[in-house]
Amino acid sequence: MMNLRLGLLAFCIVGSAQAFSADLFKVAPYTLKHTNGQLLLNFQLNEDKKLVIEDGQKIKRSFEYKKGIHYQTELGKEECGVSKDLRIRDTGTNEVVFTKNYEGLSCTEGSRAPDYTFGFISDTQQYKDRHEAIAQVIAYHHSMDPLQFLINGGDVVQNGQKDEQEWIEYFLGGKAYLMDVPQIAAIGNHDYRGHKIDYALPKFFQKYMRWEGSPANGNLFFEMPGFQLVIWNSNVGDLKSDEEDQMWTWLEQKMQAAQKSNTPLIFVTHFPVYSSSLNKFTSFAVMKLRRKLVPMVEKYGVKLVLSGHTHMYERSFKDGVHYLVAGPAGGRVNKPTFKNPYVQKFDSNALTFTKVKYSNRTLKIETFNQDNTLIDQLFLNL
């Protein structure tokens with residue numbers, strides 16, 4: 001029998017929308033991946049409408065939706081091999097204003113996890129045209145090999161709390177993939193910008209990238225097919241000492257549990273551990289990560305750390321651990337300011353999308369630039 005944990009995992013979204021009323025939506029429907037396996041449907045309207053959300057023939061919610069309000073609805077957990085259709089219907093005209101096909105992960109007999117693909121980007125923040133370029137690359141790869149989910153490594157927008165319109169522009173820039181691929185987001189330093197940090201989630205990040213009851217410190221933990229995924233808030237320099245201690249304790253507990261169960265763990269955090277960029281804005285956090293995080297990932301056998309922030313693509317290797325730093329997916333590119341002794345691959349001009357194929361405890365990691373040119377490749381045994 002298939003492992004029960006795999007049967008409860010959320011499904012991937014494939015294909016293109018058969019119907020979509022662009023004028024109706026201020027924020028087009030997109031999904032977040034919940035830590036409990038649910039998919040969460042999000043959208044905003046440009047006008048008041050009574051809509052019915054249908055999952056196949058089953059009505060999930062019928063409601064009078066108001067313009068400008070951000071709505072979030074649970075779509076439920078899916079079993080492997082079960083395909084479903086989502087429809088949003090205008091009850092006044094009976095018109096289907098949005099529809100999407102959902103296809104579950106393929107079932108696998110025994111304990112082996114199914115093969116599947118996910119993606120990684122970071123720093124979508126600043127320029128809509130650059131985000132649109134990477135969005136087209138992501139959409140292309142999703143059409144060829146559907147992504148189960150996409151990780152955004154943080155700095156989703158430039159000024160996370162200063163102007164909510166930046167979030168609207170983010171969804172417009174990424175519409176080529178955001179309607180299709182469930183999102184998982186880490187918190188970057190720019191996602192706090194304009195917000196007095198009070199050790200809680202910034203309100204706009206919470207609104208668009210989290211859900212009611214999500215951890216206030218921004219950390220997330222997922223049981224994925226074949227591995228565990230930790231999303232960790234690396235803005236620890238802004239925490240009080242006892243709050244920071246709790247963050248490190250939680251992280252080590254997750255790593256200890258993964259090692260004990262012989263389950264691979266992938267770690268995602270906005271600030272990179274090793275890079276060719278070190279300046280006054282990041283040196284404190286980076287040095288703390290080197291001092292505290294590196295011994296932990298080495299001790300507990302973590303093989304892959306994903307980060308962003310520096311706006312230059314870079315892959316490093318040290319003592320059995322691969323550290324991959326995404327190029328920007330919307331921000332400006334940067335030049336190196338520091339010599340990284342562990343660098344294996346470097347590209348300071350590329351906007352990047354990284355595609356990760358999981359198969360039988362092995363990762364095929366491919367990174368593409370804004371022209372959809374393969375710039376780096378790595379095979380990693382977990």
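Two residues are in contact when heavy atoms of theirs lie within 4.5 Å. Keep that in mind for the exercises below, and remember that the model is a predicted one.

**Exercise 1. Getting an overview**

Task: Find how many helices and strands the protein chain has, what share of its residues is buried, and what share of the contacts between residues at least 6 apart in sequence joins residues at least 24 apart.

Solution:
- Step 1. Start with the elements: the protein chain has seven helices and 21 strands.
- Step 2. Turn to burial. The chain has 382 residues, and 56% of them count as buried.
- Step 3. Now use the contact definition. Taking contacts between residues at least 6 apart in sequence, 67% join residues at least 24 apart.

**Exercise 2. Two aromatic pairs**

Task: Work out whether the ring pair of Phe118 and Phe227 is stacked, tilted or edge-to-face, after practising on Phe43 and Tyr65.

Solution:
- Step 1. A pair of aromatic rings is described by the distance of the centres and the angle of the planes.
- Step 2. The structure holds 21 aromatic pairs. In one of them, Phe43 and Tyr65 have their centres 5.3 Å apart and 50° between the planes, which is a tilted arrangement.
- Step 3. Place the two rings. Phe43 belongs to strand E3 (residues 39–45) and Tyr65 to strand E5 (residues 58–65), so this pair ties together parts that are 22 residues apart in sequence. Both Phe43 and Tyr65 are buried.
- Step 4. For Phe118 and Phe227 the centres are 5.8 Å apart and the planes stand at 45°. Stacked needs under 30 degrees and edge-to-face needs over 60, so this pair is tilted.
- Step 5. Phe118 is in strand E9 (residues 116–121) and Phe227 in strand E13 (residues 227–232), so the pair links parts that are 109 residues apart in sequence.
- Step 6. Check burial, for which the limit is under 20% relative accessible area. Phe118 has 1%, so Phe118 is buried; Phe227 has 0%, so Phe227 is buried as well.

**Exercise 3. Reading a sheet**

Task: Say which strands stand at the edges of the open sheet that includes E12 and E13, and describe how E12 and E13 are joined.

Solution:
- Step 1. Write down the order of the seven strands: E12-E13-E14-E15-E17-E16-E18, with mixed pairing.
- Step 2. Look at the two ends. Strand E12 (220–224) and strand E18 (343–347) each have a single partner strand, so one side of each has no neighbour in the sheet.
- Step 3. Add the twist, which averages 15° from one strand to the next.
- Step 4. Strands of a sheet pair through backbone hydrogen bonds, either parallel or antiparallel.
- Step 5. E12 and E13 run antiparallel and are joined by five bridges; Glu223 has Gln228 of E13 as its bridge partner. Their hairpin has two residues between the strands, and Gly226 there takes a positive phi near 95°.
- Step 6. For a parallel example, see E14 (residues 265–269) and E15 (residues 304–307), joined by three bridges. Phe267 is bridged to Val305 in E15.
- Step 7. Finish with what covers the sheet. Helix H6 (residues 241–260) lies across E12, E13 and E14, at about 170° to E13. Four of the five residues of E12 are buried.

**Exercise 4. Inside the cores**

Task: Find which residues have the most contacts inside the largest nonpolar core.

Solution:
- Step 1. In soluble globular proteins, nonpolar side chains tend to be buried together.
- Step 2. The largest nonpolar core here has 64 residues, and Phe227 and Leu229 have the most contacts inside it.
- Step 3. List some partners. Beyond four places in sequence, Leu229 touches residues including Phe149, Ile184, Phe222 and Val268.
- Step 4. A second, separate core has 25 residues, among them Trp232, Met247, Met296 and Val305.

**Exercise 5. Buried or partly exposed?**

Task: Classify Asp55 and Ala257 by their burial.

Solution:
- Step 1. Asp55 is in strand E4 (residues 49–55). Its relative accessibility is 12%, so Asp55 counts as buried.
- Step 2. Not counting neighbours within four places in sequence, Asp55 is in contact with Lys60, Leu75, Lys84 and Asp85.
- Step 3. Ala257 is in helix H6. With a relative accessible area of 41%, Ala257 is partly exposed.

Methods: Residues numbered from 1 in each chain as written. Predicted model: local features only at pLDDT ≥ 70, side-chain atom pairs only at ≥ 80, totals over all residues. Heavy atoms only, no water. Phe/Tyr/Trp six-rings, centres within 6.5 Å; stacked < 30°, edge-to-face > 60°. Buried < 20%, exposed > 50% of the residue type's maximum accessible area, 1.4 Å probe, protein only. Pairing = 2+ DSSP bridges. Axes fitted to C-alpha atoms, helices over the stretch in contact; angles between N-to-C directions. Core = buried A, V, L, I, M, F, W, Y, C linked by side-chain atoms within 4.5 Å.
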